[in-house]
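Let's walk through this fold together, one question at a time. Have the coordinates open and follow along.

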Amino acid sequence: MRRLLTILALFSAPALAQTIVITGGKLVIGDGSPPIEGGIIVLGNGRVVASGRNVTIPAGAQQIDATGKWVTPGIVAGFSRIGLAGVDAVDDSNDTSANTSPFSASLDVASAINPDVAAIAINRAAGVTRAVVSPEAPGGSLFGGQGAMIDTANDASPVTRARLFQFAEFGEAGARRSGGSRPALYAAFRNALGEARDYQAGRLREDSILKRADAAALVPVVTGVQKLVVHVESAADITSVLALKRELPALDLILVGVTEGWRVAAQIAAAKVPVIASAVNDLPGSFERIAATQSNIGRMKAAGVTVAIGMIDDDDTRQAMYATQYAGNLVALTRVPGAVGMNWDDAFAAITSKPAQVIGLGSEIGSLQPGRRGDVVIWDGDPLEVTSGVEAVWIDGVRQSLETRQTRLRARYANPKEGDLPKAYDR
């Protein structure tokens, strides 16, 4: 019996990543430092062992020559809902929002992440190795629930860290969910945190607005143990949220969206509140985005704000891979008279180490510094150029398949033979 259990344990245990050395490429650490020509990176036990120019190559390691290629950390999607929806318009396959649920803050997206949705493989093949995944707030609540960090590996265990943050809707969406006005929003928010304190003290009343599970889920937010990610867009709403931070200094705030952040960048920087911003909002799509400009991120960065790139309400269940294009746009802005963008090193950090740092996992993911998880991508060109492609991906030191449904369809129909096409195509 003991032998049988041992055999079963061996089959159930994850495969150990071998020692891998990648040499000869243009190595990007991802921490904002410039690329290293002919850099070397060593992966062992799923982690980065060493990286740089003068690195000792361990005996017996598998060596990969990346001469003429770019070697970078995997892209970290700063805000997404990837893995929560197979087909957005089909309710049965969409777990982004629980619109009719009586619960809100206690909802935990980790149980809904589906590694088999097509978007996971597509984004992995485009160099995205990790993603911040957030729920949407239900129609009647400010709070959406607890978000997670996931990986895009080809396995059944996608969750890197569950219950990483609590998500809340402020601004226009929050006002709608709170009864139709911003004063109602802030009253609901203060009441929710007050009821969380009551729960913590063991005196939550039976007539409380929050469910007990939701009050319990907000205790880590009240005490600053869990980050609170707040969706806010206008300068006025950003200022109001920063005032909440002064009123409730224990809150560990992150702002997401932040289209008009450039207008109050000095205040955001002074409050030391990091931002996960939408990179290409440049049209007044709503009243709270009237001052939209693609110079937003560059101006906030110049003011001293810690900024990462995210994609809230921007095809966020599918297209996390657009992050590289958005970062490239910020680099291009540096060549546009009157615009403010980012240099290449900072733009790439905004889609790798900065999202990891903002969400609290900078010591684990987002760069190729020693000790970080072995998430590595080899590109055939500059990763911020839309014409560049991915040649290889490792997650936790394990090489990943780049096959997707699209590549299988391409292989099937690139040179179709008689009998390969569906009957509907027969003449």
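Q: Which residues are linked with Arg-47 in a network of salt bridges?
A: This is a predicted model, where local features need pLDDT of at least 70 and side-chain atom pairs count only at pLDDT 80 or more, while totals for chains, interfaces and linings use all residues. Numbering starts from 1 along each chain as its sequence is written, and side-chain values use heavy atoms, leaving out hydrogens and water. A salt bridge is a side-chain nitrogen of Lys or Arg within 4 Å of a carboxyl oxygen of Asp or Glu. By that rule, the network links Arg-47 with Arg-130, Asp-151, Glu-364, Arg-373, Asp-375 and Asp-396.

Q: How many residues apart in sequence are the parts that Lys-26 and Glu-37 tie together?
A: The side chains of Lys-26 and Glu-37 meet in a salt bridge at 3.2 Å, N to O. Lys-26 is partly exposed at 22% relative accessibility, whereas Glu-37 is exposed at 52% (buried means under 20% relative accessible area, exposed over 50%, partly exposed in between, with a 1.4 Å probe and protein chains only). Helices (H or I, at least four residues) and strands (E, at least two) are DSSP runs numbered from the N terminus. Because Lys-26 lies in strand E1 (residues 20-27) and Glu-37 in strand E2 (residues 36-44), the pair ties together parts that are 11 residues apart.

Q: How far apart in sequence are Lys-69 and Glu-391?
A: Their side chains meet in a salt bridge of 3.1 Å, N to O. Lys-69 is partly exposed at 25% relative accessibility, and Glu-391 is partly exposed at 36%. Lys-69 sits in the loop between strand E4 (62-65) and strand E5 (70-73), and Glu-391 in strand E15 (residues 390-395), so to speak of distance along the chain, they are 322 residues apart.

Q: What is the N to O distance between the side chains of Asp-315 and Arg-318?
A: Asp-315 is partly exposed at 30% relative accessibility, and Arg-318 is partly exposed at 34%. The two side chains meet in a salt bridge, with an N to O distance of 2.2 Å.

Q: Which side chain of opposite charge is nearest to Lys-245?
A: Lys-245 has its place in helix H6 (residues 235-247). Leaving aside neighbours within four places in sequence, Lys-245 is in contact (heavy atoms within 4.5 Å) with Leu-251, Asp-252 and Leu-253. Lys and Arg count as positive and Asp and Glu as negative, with His and the chain ends not counted. Lys-245 is buried yet has no salt bridge, and the nearest side chain of opposite charge, 5.7 Å away, is Asp-252.

Q: Which strands stand at the edges of the open sheet?
A: Eight strands form this sheet in the order E6-E7-E8-E9-E10-E11-E12-E13, with mixed pairing (two strands pair if DSSP finds at least two bridges between them). Each edge strand has a single partner, so one side of each is left without a neighbour in the sheet: these are E6 (75-80) and E13 (307-310).

Q: What is the bridge partner of Val-133 in E8?
A: Strand E7 (residues 128-133) and strand E8 (residues 143-151) run antiparallel and are joined by four bridges. In E8, the partner of Val-133 is Ala-148.

Q: What is the angle between the planes of Phe-170 and Tyr-186?
A: The structure holds seven aromatic pairs (rings of Phe, Tyr and Trp, the last by its six-membered ring, with centres within 6.5 Å; planes under 30 degrees apart count as stacked, over 60 as edge-to-face and the rest as tilted). Phe-170 and Tyr-186 form an edge-to-face pair, 5.5 Å centre to centre, and the angle between their planes is 75 degrees.

Q: Is Val-258 buried or exposed?
A: Val-258 is found in the loop between strand E11 (253-257) and helix H7 (265-271). Although not a glycine, Val-258 has a positive phi of about 55 degrees. With a relative accessible area of 0%, Val-258 is buried.
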